[in-house]
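This note sets out a few points for a colleague who is looking at the model. The ligand site is taken up before the helix packing.

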Amino acid sequence: MTTQTTPNSLANLFETYSLNDTITLNNRFLMAPLTRCMADADLVPTDDMVVYYARRAEAGLIITEATIIRPDAQGYPNTPGIFTQAQIAGWRKVTDAVHAKGGKIFVQLWHTGRVAHPHFFGGGDVLAASAQKIEGSVPRMRELTYVTPKPATLEDIQGLVRDYAKAAENAIEAGFDGVEIHGANGYLIDTFLHHDSNRRTDEYGGTPANMSRFVLEVVDAVVARIGKDRTGLRISPGAYFNMAADSRDREVFDYFLPELEARDIAFVHIGIFDDSMEFDYLGGRASSYVRAHYGKTLVGVGSYSAETACEAIAANKFDLIAIGRPFIANPDYVARVRDGVELVPYSDEMLASLV
Ligand code: FNR
Ligand code: 8K6
């Protein structure tokens, strides 16, 4: 790091940061992607969502709530989509409102994989790397228990890669500054990257190169469509959500991260709820592991305060910090931190309404 920082002043968080030659952020805060289940029945962003995002435009970069790329990607009620003209038009209102306030916004592109439920898309297959189901049921709709997924065929995989690229193209049409591909938290892409969920014996399974093939194809297709400067990726090298740990996953990410680095995308973002969690097979925290294997812009996240984030950035543990739950509780999170105003504590009841 070349920047001079004073750990206790929080000054480093308010420096601008160049993601690349085309995108410079006003500060180092990202609003983390936060599913709110508030889109309308056609999965179109509502006017309340326009207000919600615009109120948070002071973040250096907003990552939207995870947004499905096609109908069979859905695993939770009322999550927005980006595959119909009405959805694109709804998002256009959000991006215009954020830009009017000087902010920047990427959409998180999502396919839930084995966490999808046919209830949401009129029946049909749930696609994942392999036929390994997860226990449990859909949050807020507990009667919907998860089903055994169908291993994606080679034809399914080609279709999925095409649909991620199309969703990225739709995102640009909707006015987004870029996309974050959701490759974390046990959803579709992540099912290829972990042995718990990937038991394939074809060219998409069995070896680190094969297990990394799908995510790299998605990244390459999105980059080809909208450019590397506008492409970010979220990953969970440590299994913690909808995924069981397997120490062999380490070799997969050891292979994958240098391959990803060569793509020179806008950033890599860790998918985790608490970054103090240590993974024995990663030799510690997920963020430290990725930092050691990936030399470009890294976004840390997971139960950080502005103070602990400032220290972590000063210690070169990552470059940018994503803030989740505190941003739900404090629409004016960045201003409060800057002005030293006390934060409203987050509580789960806040998920019931969009403020
Ligand atoms: C999340 N998180 C999340 N992650 C993601 O990649 N896509 C998403 O849509 C969501 N949705 C979501 C909803 C809610 C209600 C919570 C609390 C979390 C995870 C989130 O981005 C972040 O990683 C964690 O919240 C940890 O950061 P904080 O909250 O400790 O700052
Ligand atoms: C219907 C709401 C959908 C929300 C989507 C994902 C958000 C989940 C929020 C809380 C989940 C907490 C899981 C944390 C696991 C940590 C394990 C150590």
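1. In this predicted model, an oxygen atom of ligand 1 is placed 3.2 Å from a polar backbone atom of alanine 66. A second backbone contact involves serine 303, whose N or O atom lies 2.6 Å from an oxygen atom of ligand 1.

2. A side chain also takes part: a polar side-chain atom of glutamine 108 is found 2.9 Å from a nitrogen atom of ligand 1. Taken alone, ligand 1 exposes 600 Å², and the protein buries 91% of that area.

3. Ligand 1 is surrounded by 19 residues. The closest are Pro33, Thr35, Arg234, Ser303 and Arg325.

4. Turning to the helices, H3 (residues 154-173) packs against H5 (residues 208-226) at an angle of about 35 degrees. The two axes are 9 Å apart, and the crossing of H3 and H5 is right-handed.

5. On the H3 side, the residues in contact include Leu160, Val161, Tyr164 and Ile172; on the H5 side, they include Phe214, Val218, Val222 and Arg225. By class, the residues of the contact of H3 with H5 comprise 12 nonpolar, no polar and four charged.

Conventions: Residues are numbered from 1 along each chain as its sequence is written. Chains are lettered from A and ligands numbered from 1 in the order in which they are written. This is a predicted model: local features need pLDDT of at least 70, side-chain atom pairs count only at pLDDT 80 or more; totals for chains, interfaces and linings use all residues. Side-chain values use heavy atoms; hydrogens and water are left out. Axes are lines fitted to C-alpha atoms, for helices over the stretch in contact, and angles run from 0 to 180 degrees between N-to-C directions. Helices (H or I, at least four residues) and strands (E, at least two) are DSSP runs, numbered from the N terminus. A crossing is left-handed if the near helix is turned anticlockwise from the far one by less than a right angle, and right-handed if clockwise. Contact means heavy atoms within 4.5 Å. Ala, Val, Leu, Ile, Met, Phe, Trp, Tyr, Cys and Pro count as nonpolar, Asp, Glu, Lys and Arg as charged, and the others, Gly among them, as polar. A residue is near a molecule or strand if one of its heavy atoms lies within 4 Å of it. A polar contact is a pair of N or O atoms within 3.5 Å; within protein, one must be able to donate a hydrogen and the other to accept it, and residues adjacent in sequence count only if both atoms are side-chain atoms. Accessible areas come from the Shrake-Rupley method with a 1.4 Å probe; for residues, only the protein chains shown count as cover.
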